[in-house]
Amino acid sequence: MSDMAPDLIRSYVDRILRIKEEEDTLKADIKYIYAEAKGNGLDKTALGDLVTHLRKQAKNPEKQAERSSLFDLYLDAYTNAPHAHTHTREG
């Protein structure tokens with residue numbers, strides 16, 4: 001290991017640690033927002049699903065549009081198919 005390797009390692013680790021602290025703060029802020037939304041009568045899970053969907057769509061709109069189309073196609077096929085074999089649990 002060269003003489004500068006320990007300083008370089010420390011520099012990277014310190015930067016990562018600072019960002020991780022910021023990340024923890026942001027996660028706490030997000031948790032607070034979800035709690036606030038729940039307090040106003042919103043469903044946290046549905047809200048989280050919407051946030052996830054919007055983030056995925058923003059990253060790759062074409063891929064999300066394709067997935068959405070396939071989902072709609074499959075859902076339509078499933079709901080319009082004759083239900084000769086229903087999925088029920090027999091005891």
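**Exercise 1. Determine which residue forms a salt bridge with K20, and describe the setting of the pair.**

Step 1. A salt bridge requires a side-chain nitrogen of Lys or Arg within 4 Å of a carboxyl oxygen of Asp or Glu. K20 meets this criterion with E23, their closest N and O atoms being 3.5 Å apart. The model is predicted: local features need pLDDT of at least 70, side-chain atom pairs count only at pLDDT 80 or more, and totals for chains, interfaces and linings use all residues. Residues are numbered from 1 along each chain as its sequence is written, and side-chain values use heavy atoms, with hydrogens and water left out.

Step 2. Helices (H or I, at least four residues) and strands (E, at least two) are DSSP runs, numbered from the N terminus. Because K20 and E23 are three residues apart in helix α1, about one helical turn separates them.

Step 3. Relative accessible area classes a residue as buried (under 20%), exposed (over 50%) or partly exposed (in between), with a 1.4 Å probe and protein chains only. K20 has 44% and is partly exposed; E23, with 30%, is partly exposed.

**Exercise 2. Establish how E23 and K27 are linked, and what network results.**

Step 1. E23 also forms a salt bridge with K27, with 4.0 Å between the closest N and O atoms.

Step 2. Both E23 and K27 belong to helix α1 and lie four residues apart, about one turn of the helix.

Step 3. Through shared partners, the salt bridges join K20, E23 and K27 into one network. The whole structure contains two salt bridges.

**Exercise 3. Identify the nonpolar surface patch that includes L17.**

Step 1. Patch members have over 30% relative accessible area and no salt bridge; nonpolar side chains (Val, Leu, Ile, Met, Phe, Trp, Tyr) are joined within 5 Å, like charges within 9 Å.

Step 2. The patch consists of M1, I9, V13 and L17, which together offer about 440 Å² of accessible area, computed by the Shrake-Rupley method with a 1.4 Å probe, only the protein chains shown counting as cover for residues.

Step 3. L17 lies in helix α1 (residues 5–39) and is partly exposed at 47% relative accessibility.

**Exercise 4. Characterise the overall fold and dimensions of the protein.**

Step 1. The protein has three helices and zero strands, in the order α-α-α from the N terminus.

Step 2. Its radius of gyration, taken over C-alpha atoms, is 23 Å. A compact globule of 91 residues would have a value near 12 Å, by the rule of 2.2 Å times the number of residues to the power 0.38.

Step 3. Buried residues account for 4% of the 91 residues.
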